[in-house]
Amino acid sequence: MSWSATGGEIDRDGVFHAREEEGEYTVTATAQLTKTTVRVAVRAAKEQGGNWKPDRDPPNGRLKWSGQVPPQKWMNFYSKVLAKFVNAGDLTVTVSVSASSKGGVSPHQVEETKAALRELGLSADVESQ
């Protein structure tokens, strides 16, 4: 991996050390065929401590959402919402499934569902009514 930066220096571990001049600079990381560049804003702290606030609010501890996602949008929901959190921290997804069929759910469908859940290493505790 290689690093480069404007407005400061970046060490071999990717830690950016800004100069004293305020401004917007870039940090670039390159690994094989992948190259990523991010903007870094350097702002001077106010002289009289206690009044300086960052340009953005500090991050919240957790994000929670509850709702229904239509089957046609499951893949988009994963790629646009969940994927951002998969490697970034602690992601827990709780799923509740309620399925029906025009002719009712057959015992064979229940057993197939249990087998598929076991294959995925999930609980096969399925209720059928």
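Helices, of at least four residues, and strands, of at least two, are DSSP runs numbered from the N terminus. With that in hand, show the whole chain as a cartoon. This is a predicted model, and its protein chain holds two helices and five strands. Followed from the N terminus, the elements run β-β-β-β-β-α-α.

**The whole chain**

Colour the 129 residues by accessibility: buried ones make up 9% of the protein chain. Switch on the surface, and about 12,000 Å² is exposed, with carbon and sulfur atoms supplying 50% of that area. For contacts between residues at least 6 apart in sequence, 15% join residues at least 24 apart.

**Strand E1 and Trp3**

Select residues 2–5, which form strand E1, and find Trp3 there. Is Trp3 buried, exposed or partly exposed? Its relative accessibility is 31%, so Trp3 counts as partly exposed, since that class lies between the 20% and 50% cut-offs.

Next, display the neighbours of Trp3. Leaving aside residues up to four places away in sequence, Trp3 touches Ile10, Asp11, Arg12, Asp13, Gly14, Val27, Thr28 and Ala29. For a distance to draw in the viewer, take the C-alpha atoms of Trp3 and Phe16: they are 9.6 Å apart in space, and the two residues are 13 apart in sequence.

**Strands E4 and E5**

Add residues 23–31, strand E4, which pairs with E1 in the antiparallel sense over four bridges. Ala29 in E4 stands opposite Trp3.

Now bring in strand E5. E4 and E5 run antiparallel and are joined by nine bridges. One position to pick out is Val27, which stands opposite Val38 in E5. Then go to the turn of this hairpin, where two residues lie between the strands and Gln32 takes a positive phi near 50°.

**Trp65 and the nonpolar patch**

Move along to the loop between strand E5 (34–42) and helix H1 (74–86), and select Trp65. Trp65 has a relative accessible area of 54%, so Trp65 is exposed, the cut-off being over 50%. Keep Trp65 selected and add Leu63, Tyr78, Phe85, Val86, Leu91, Val93, Val95 and Val97: together they make a nonpolar surface patch of about 910 Å².

**Helix H2**

Finish at residues 107–119. This is helix H2, with 13 residues, and from first C-alpha to last it reaches 18 Å, close to the 18 Å expected at 1.5 Å a residue. Just after H2, select Gly121, which takes a positive phi of about 75°.

Terms used: Residues numbered from 1 in each chain as written. Predicted model: local features only at pLDDT ≥ 70, side-chain atom pairs only at ≥ 80, totals over all residues. Heavy atoms only, no water. Buried < 20%, exposed > 50% of the residue type's maximum accessible area, 1.4 Å probe, protein only. Contact = heavy atoms within 4.5 Å. Expected span 1.5 Å × (residues − 1). Patch = residues over 30% accessible without salt bridge, like charges linked within 9 Å, V, L, I, M, F, W, Y side chains within 5 Å. Areas by Shrake-Rupley, 256 points an atom, 1.4 Å probe, with all protein chains shown as cover. Salt bridge = Lys/Arg side-chain N within 4 Å of Asp/Glu carboxyl O. Pairing = 2+ DSSP bridges.
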